[in-house]
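Pull up the model and rotate it for a moment. We'll start at the surface and work our way inside.

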Amino acid sequence: MKKSKKQSNVIKHIAITAVSGALFWIVGELIFPHLTEEMPAPFGIPIYMLVFFIFVAVALIALSFYKTDFSDPKNKSNIISSTKITAITLVVFLLASGLFEFLYELGKQEIPEPTSVIIMFDDSGSMKGTEQERADAVNSLMQSDAADMPYAVYSFTDSAQCIRPMGSYNGFSTDELQFSSEGGTEVIKSIREVLGDFEQGRLSGSGSNPKIIVISDGASSSANMNSVTSRCRNSGISVSTIGVSNCNKNFLEKIAHKTGGVFVYCSDISSLAQNIGSAMQVDTSRNLLSERIVFKNNALYAFLRILFLTILAAVWSFMKVQLTYERSDKTTRIFLISFAACVAGGILVECLANSSLSIKFVRFIFCVLWALTPGTAMFLKKNQASAAIDINPAKTGDNISYNDDAQKSVNYKPDNQSSTTRQRITQNGNDSYQTDNSQDNSNPFGNGPFSDNSGDSADSPFGNFDDPFSDLNDPFSDNKTNW
């Protein structure tokens, strides 16, 4: 088989399995919130991985049907055995994933109770005419969830401006709002400026752990997000975000998740007062495939995530190898490449989950890498003639060759002896063999006492050679993949 053909088959196998991972990601993002928020994650994560494995298994089994002769009794036996091993290993994998998720969630850290509230209103041009709705939202929040807390109000466009100093609540009206409703939307920069006011003592009476609520209907740059959210965590400050109308949901969700806050979505500004109370909640939940909010021992949790995903990657790769139904001499390579891809996926989840990238995109990378499975050079259709195979000569001085076509021949020629050819002919899927001794009929001793004048060989004093291939197993006896 030509090298380019081998490479093409391997790439085809990798591409098909990677696509199965991408397809699962679409389904996975629909079910992931339900599995991790509406039920305990130690149960939800195994279910997520089970559905994932079904997608990958379907792709691998389809590829195996393409290249394996399932009518061969030996193949059938091996396939049944591999399937049983996979089923048992899958149960172990699911139990392990649930256990690791449980261990990873231990030691859940609580964010300190807020001592005050800082409300930040987007004051860009798109918010013009919503002054009353914003005032109603402040009154709704302060009359219920934060009635006993001091509060401050900021407006922000390209920078933040304090429009209501920190103090106790005694009613809030539109007269206190100094909105210009023009300019851009710099959320991260504005949060940083509010943090600066807090750290420099300009928010007297805010206490040690203010709660920040950001309300915006637009998009903003994510530059310096990691440094700003890190400062919030180090100060014990959670930031909740409220998105209105056509806001950048992923961006606002990221800010909230990185600081232990929550994201709340309002389809229009009129529902802001009704939903702003939800923003007082905090969320420090974590799982193996999402952001992690911790205020101490972050390095320990990073190590645990990589360790747990690496162990799961080894079991996962073993299961995938079983479903390739390959010969034993091929499985080591398949396992090592698949395992390396899975380990890379786990490391990237740890490195990117708390970055500015969307966690959904991070899980997409994870799914593709964990689904990726290399193929082999033995990627042949049923009844397709076997390609050339290089083997070592049977012994010194033997000339053995295979032609890369439907007619396979083996030339056996000991030193200084006549050539014997055993030819395999494949027609309509049926094999026949023909031995040809006529290629070299000359007497190796030349014109001597054992040759006649016509040049035809006389009877050799050494007798007739037996067919040297009569007891050899034909290397082309089966075109399909066998073990």
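How much of the accessible surface of the protein chain belongs to carbon and sulfur atoms? The answer is 54%, out of a total of about 23200 Å². Keep in mind as we go that this is a predicted model. The chain has 483 residues, and 46% of them count as buried. Its secondary structure comes to 11 helices and 9 strands. Take the contacts between residues at least 6 apart in sequence: 69% of these join residues at least 24 apart.

Now for the interior. In soluble globular proteins, nonpolar side chains tend to be buried together. Here the largest nonpolar core holds 40 residues, and Y48, M49, F52, F93, W316, F366 and W370 are the ones that touch the most other members. Helices α1 (3-37), α2, α3 (73-105), α9, α10 (328-352) and α11 each supply at least two residues of this core. Apart from it lies another core, this one of 27 residues, including M120, F156, V187 and I255.

Zoom in on Y48 in the largest core. If you skip its neighbours within four places in sequence, Y48 is in contact with F24, G28, I31, F32 and L35, and also with L289, R363 and C367.

Is there any empty space left inside? Rolling a probe the size of a water molecule over the atoms shows where empty space is left. A search of the whole structure with a threshold of 30 Å³ or more turns up 1 cavity, with a volume of about 60 Å³. The residues lining it are I45, M49, S97, L288, L289, L309, L312, F366 and W370. By class that makes 8 nonpolar residues, 1 polar and no charged ones. At least two lining residues come from each of α2 (41-67), α9 (298-324) and α11. A few names come back here: M49, F366 and W370 line the cavity, and they are also among the residues that touch the most other members of the largest core.

Finally, move over to helix α7, which spans residues 249-259. Which of its residues are buried? They are F251, L252, K254, I255, A256, K258 and T259, so two lysines are on the list, going by the under 20% relative accessible area cut-off. I255 you have already met, as a member of the core of 27 residues. The cover over the buried residues of α7 includes helices α5 (187-199), α6 (225-234) and α11 (359-371), along with strands β4 (210-216), β5 (239-244) and β6 (263-266). Just after α7 comes G260, with a positive phi near 85 degrees.

Definitions and conventions: Residues numbered from 1 in each chain as written. Predicted model: local features only at pLDDT ≥ 70, side-chain atom pairs only at ≥ 80, totals over all residues. Heavy atoms only, no water. Buried < 20%, exposed > 50% of the residue type's maximum accessible area, 1.4 Å probe, protein only. Helix = DSSP H or I, 4+ residues; strand = E, 2+ residues; numbered from the N terminus. Contact = heavy atoms within 4.5 Å. 1 Å grid on protein atoms, 1.4 Å probe; cavity = no way out; pocket = protein on both sides within 12 Å on 5 of 7 lines; lining within 4 Å. Points joined across faces, edges and corners; volume = space filled by probe spheres on them. Nonpolar A, V, L, I, M, F, W, Y, C, P; charged D, E, K, R; others polar. Core = buried A, V, L, I, M, F, W, Y, C linked by side-chain atoms within 4.5 Å. Areas by Shrake-Rupley, 256 points an atom, 1.4 Å probe, with all protein chains shown as cover.
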